[in-house]
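Reader: I would like a close look at one part of this model, namely its salt bridges. Please keep to the geometry and the burial of the partners.

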Amino acid sequence: MLTRRRLIATAAAATITGALPAGLAHAALPQVDMEAVIKAAQIDPRRPDTALTPGAKDSVLQVERALQARGLLSATYVDGHFGTSTIAAYAAYQRSLGYTGLDATGLPGPTSLRSLGDGRYTVVRAISPGSIVTLRGVQVNTRTRSMLLEAERLLGSTLTLTQGSYNTGTPASAGTHDGGGALDISVTGMTTATRTTVVRQLRTVGFAAWLRNPSQGDWPYHIHAIAISDTDQSTGAQHQAGDYYLGQNGLANRGPDDGPAVTKRTWEEYQRA
C-alpha cells in the first residue's frame with residue numbers, strides 16, 4: 001500500500017514520464033453515472049432547448065468527449081446536453097460495435113458505455129434490463145417484472161396484462177412495445193378511482209404511466225406504462241419517458257400530463273428512497 005508521501009512522489013514522477021502505475025491510473029479515471037446518463041438521453045432530445053438534465057452534466061460530458069475522440073461528435077455538441085446529435089453519435093458508435101435494431105438506438109447500454117469509456121472513465125450505477133421472461137402470457141424483462149410486482153404489492157392486487165414488451169408489429173402502439181419496459185394493463189371492472197390509483201402506484205415505482213381512452217387513438221380504455229430508464233426501450237418508448245419527465249402525456253400531440261402527480265423516480269431511485 002502506498003504511503004501519502006510515496007503516492008505524491010509517484011504522481012510527480014508521472015508528470016515527467018507521462019504514465020501512472022496501473023492501479024493509480026485506474027483510480028484517477030473520472031466516473032460516469034449511468035443512471036444520470038440514461039435519464040438525460042431520454043429527456044434532453046425532447047426538450048425545446050439545450051437545457052441540461054439536473055445531475056447529469058459531468059457524466060454526459062465524459063460520454064460526449066469520448067464520442068468526439070472517436071470522430072463521431074462535433075465539438076459544438078460536447079456541452080453536457082444529451083440531445084439529438086449526441087443520440088445520433090452514440091447510435092453510430094453502437095453500430096460500429098456491430099449492434100443493430102434495439103441495440104443501436106442511441107440509448108446507452110452497460111456494455112457499450114463501458115466499451116466507449118475504456119481508458120477514459122469508469123461506469124457507476126449501471127442499469128441492466130435483465131433477461132426476457134414470460135409473465136401472465138406476455139413478454140417482459142426481469143427489471144420490468146420486479147417493478148410491476150412492487151406496484152401490485154403497493155396496490156394489494158394483481159393486474160391483468162394485455163400487452164407486454166418486445167412485441168413488434170403492433171400498429172396502434174407506434175413502436176413503443178417493440179423494445180423493453182412497455183406494458184398495457186386492462187382496466188375492466190375498475191372504478192375511475194381505482195384506475196387513478198393504479199396509475200399512481202405504477203408511477204411511484206418508476207413507470208411513466210397513463211390511462212388511455214378511445215378518444216385518444218384506436219384503442220379501448222387501458223393503462224399504458226413505460227419503465228423509465230429501461231435500456232432496451234424502443235425509440236418511441238424513449239420519447240414517451242422523456243415527455244413524462246417534461247410534464248406531457250406521452251401522445252403524439254404532446255399535450256399536458258393528465259395523470260396523478262407523484263415524485264418522479266426511476267426504479268433504482270425508488271429502491272434507494
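Reader: Does Arg153 count as buried or exposed, and at what relative accessibility?

Author: Arg153 counts as exposed, at 55% relative accessibility; exposed means over 50% relative accessible area, buried under 20%, and partly exposed in between, with a 1.4 Å probe and protein chains only. The model is predicted, so local features need pLDDT of at least 70, side-chain atom pairs count only at pLDDT 80 or more, and totals for chains, interfaces and linings use all residues. Residues are numbered from 1 along each chain as its sequence is written, and side-chain values use heavy atoms, with hydrogens and water left out.

Arg153 meets Glu150 in a salt bridge, 2.8 Å from N to O; the term requires a side-chain nitrogen of Lys or Arg within 4 Å of a carboxyl oxygen of Asp or Glu. The two residues are three apart in helix H7, which means about one helical turn separates them. Helices here are DSSP runs (H or I, at least four residues), numbered from the N terminus. Glu150, in contrast to exposed Arg153, is buried at 14%.

Salt bridges with shared partners also join Arg46, Asp243 and Arg254 into one network.

Helix H7 takes part in another pair: Glu268 and Arg143 form a salt bridge of 2.8 Å, N to O. This one links distant parts of the chain, with Glu268 in helix H10 (residues 267-272) and Arg143 in helix H7 (residues 142-155), 125 residues apart. Glu268 is buried at 12% relative accessible area, and Arg143 is buried at 5%.

Asp44 and Arg47 form a salt bridge with their closest N and O atoms 3.0 Å apart, and both residues are buried. Over the whole structure, the search finds 10 salt bridges.
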